[in-house]
Amino acid sequence: MSGEVLLRGVELHPRQGPVDCRIRRGVVAELGRRLRPRSDEFVARCDGGALLPGLADHHIHLAAMAAQRASLDVSALSREALESSIAQAVAGEDGWVRAVGYDDVVHGDLDRTVLDSWNRVLPVRVQHRSGALWLVNSPGLERLGALSAAHDGIERDTAGRPTGRLWRADAWLREVVGGRPPSLRAVGTRLAALGVTHVADATPDGGAAGVVQAAVRRAELPQRVMVMAAGSDPPPHPRLSVGPLKLVVADHALPDVDDLVGRIRRAHADGRPVAVHCVTRTALALTVAALDRAGGLDGDRVEHCAVADRAAADELAARRIRVVTQPTLVALRGDDYWERVDPGDRADLWRYAGLLRAGVRVAASSDAPYGDPDPWACLRAASERLTPSGRVLGADERIPAEVALRGMLSPLDDPGGLARRVAVGRPADLVLLDRPLREALRAPDADHVRATFIEGRIVHGAQYLG
Ligand SMILES: [Zn+2]
């Protein structure tokens, strides 16, 4: 569809009556009452449905989402079912059995020996649900040449033999396993159906970022994408940008603080803020200390910030360090967090309202495929904070859905900053809902998304407009 569209009767502001919106040449060309249709445009009756700027997901892993589609999802399986599915699995195109969603609490500890007892014929790799760890059986380790490989993430026993645990080794795995990168088309289509027009790809490795950039250039992925990997220098493209540099302060092995300071300084010298993965209290303290020594740069941010007490929130606010959080992880795993953390940390888990009260700029995101990519589920999770068992995790941390929505409307390079607006001359990156906003936010649901536009092109809902 050419994208010359007249949307009749949309809600822009709850207190004003419906207006018409003309989309032309990729921008919002006109807003007003009773615009006269032109001969070359589609006219769509919108019946007072809200028209919003397209939603931004401030932390996502696109290539991993695509790879997950070609994997065995074991997250809902019992240990017995996991065992039999690995035993009976067939290899994918690259000769591997690839499984995702392994959970150490549900499935118990896994290593090479356990996996071998299930399947010692095919190379098998199983990803931990956090994305930080892969478990590999002996045929897999052999195929990877893990015995002699130099990668730091290859855990070894005292005799120097790989245990089958590979920590944060995605880039290395991709290189050694090889094969065709998965298509991002289905991922882009799914996000468009959810109303997502902007994404920040938080994958630190340049290989994955390259796959994503190529997909945007080939128009396989319609969204605007900000990449956060090292060495990201995309040739100019209207839908690609380079964001803060993603740094990982891993939970299993804290980095040397001098090393972290050095990496922050180098990023800042290149003009890039940093986005530091921090899950534990210690990781956050280390990151703040390192940022203090390196000196801050506007745009520096902390990813996840899963444990932050009041003092930490004040420190973040004073330094204008933003936080990009993931409310759906509370909805998916809140009970595990509750049980696994030190009881003293429970009040400080996945805070949102408390960070805002302290003056921190916060935006929600999905961390898909490790969290739920649905932003409407994210709005529900942020306002309810219900765990799978129905417990409210941190009642004081709940925020109204419209506040979480504002974070999703903030620009990719300013998460938690001023929301983008629908205004004449602005790019037509838009979501049209089937009802007024207030009604939609009463029970946020992706079903309310009627159409999605990026650069004025309809990327979801053409059947409705046509
Ligand atoms: Zn992530």
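Helices and strands, in the names used on this tour, are DSSP runs numbered from the N terminus, a helix having at least four residues and a strand at least two. The model on display is predicted.

**First stop: two loop residues and a cis bond**

Select Trp350, in the loop that runs between α12 and α13 (353-358). Its phi is near 40°, a positive value in a residue other than glycine. Trp350 has 24 other C-beta atoms within 10 Å and is therefore buried, the threshold for burial being 20 or more.

Move next to Asp367, which belongs to the loop between β20 and α14. Here too phi is positive in a residue that is not glycine, with a value near 55°. Asp367 counts as buried because 24 other C-beta atoms lie within 10 Å.

Then select Ala368 and Pro369, which are joined by a cis peptide bond with omega at about 10°. Pro369 is placed in the loop between β20 (362-364) and α14.

**Second stop: helix α14 and its partners**

Display helix α14 (residues 375-384) together with helix α15 (residues 401-409); their axes come within 8 Å and cross at roughly 135°. At that angle, α14 is oblique to α15. The crossing of α14 past α15 is right-handed. To see the contact, select Pro375, Cys378, Leu379, Ala382 and Ser383 on α14, and Ala401, Ala404, Leu405 and Met408 on α15. By class, the residues of this contact are eight nonpolar, one polar and no charged.

Keep α14 in view and add helix α12 (residues 327-340), whose axis comes within 7 Å of that of α14 and crosses it at roughly 75°. This makes α12 roughly perpendicular to α14. Which residues meet here? On α12 they are Pro327, Thr328, Val330 and Ala331, and on α14 they are Ala377, Cys378, Ala381 and Ala382. The contact of α12 with α14 divides into seven nonpolar residues, one polar and no charged.

**Third stop: helix α1**

Select helix α1 (residues 62-69), which is mostly covered, with seven of its eight residues buried. The buried residues of α1 are Leu62, Ala63, Ala64, Met65, Ala66, Ala67 and Gln68. To show what they pack against, add the strands β6 (55-60), β8 (97-102) and β13 (196-201) and the helices α7 (185-193) and α8 (206-217).

**Fourth stop: Ser85**

Continue to Ser85, in helix α2 (residues 79-88). Is Ser85 buried, exposed or partly exposed? Ser85 counts as partly exposed because it has 17 C-beta neighbours inside 10 Å. Apart from neighbours within four places in sequence, Ser85 is in contact with Leu72, Val74 and Leu77. For a view across the model, select Ile23 as well: Ser85 and Ile23 are 62 residues apart along the chain, and their C-alpha atoms are separated by 50 Å.

**Last stop: the domains**

Finally, colour the chain by domain: domain 1 (1-54 + 422-466), domain 2 (56-61 + 182-419) and domain 3 (71-177). The centres of domain 1 and domain 2, taken over C-alpha atoms, are separated by 29 Å. Where the two touch, 14 residues of domain 1 are in contact with 18 residues of domain 2. On the domain 1 side, the elements giving two or more residues are β5 (51-53), β22 (449-454) and β23 (457-460). β22 gives the most to that side, with three residues. The residues of domain 1 that touch domain 2 comprise nine nonpolar, three polar and two charged.

Technical notes. Residues are numbered from 1 along each chain as its sequence is written. This is a predicted model: local features need pLDDT of at least 70, side-chain atom pairs count only at pLDDT 80 or more; totals for chains, interfaces and linings use all residues. Axes are lines fitted to C-alpha atoms, for helices over the stretch in contact, and angles run from 0 to 180 degrees between N-to-C directions. Angles under 35 degrees count as roughly parallel, over 145 as roughly antiparallel, 65 to 115 as roughly perpendicular and the rest as oblique. A crossing is left-handed if the near helix is turned anticlockwise from the far one by less than a right angle, and right-handed if clockwise. Two residues are in contact if their C-beta atoms, placed from the backbone, lie within 7 Å. Ala, Val, Leu, Ile, Met, Phe, Trp, Tyr, Cys and Pro count as nonpolar, Asp, Glu, Lys and Arg as charged, and the others, Gly among them, as polar. Domain bounds come from an automatic or database domain assignment. A residue is buried if 20 or more other C-beta atoms lie within 10 Å of its own, exposed if 12 or fewer, and partly exposed in between; C-beta atoms are placed from the backbone.
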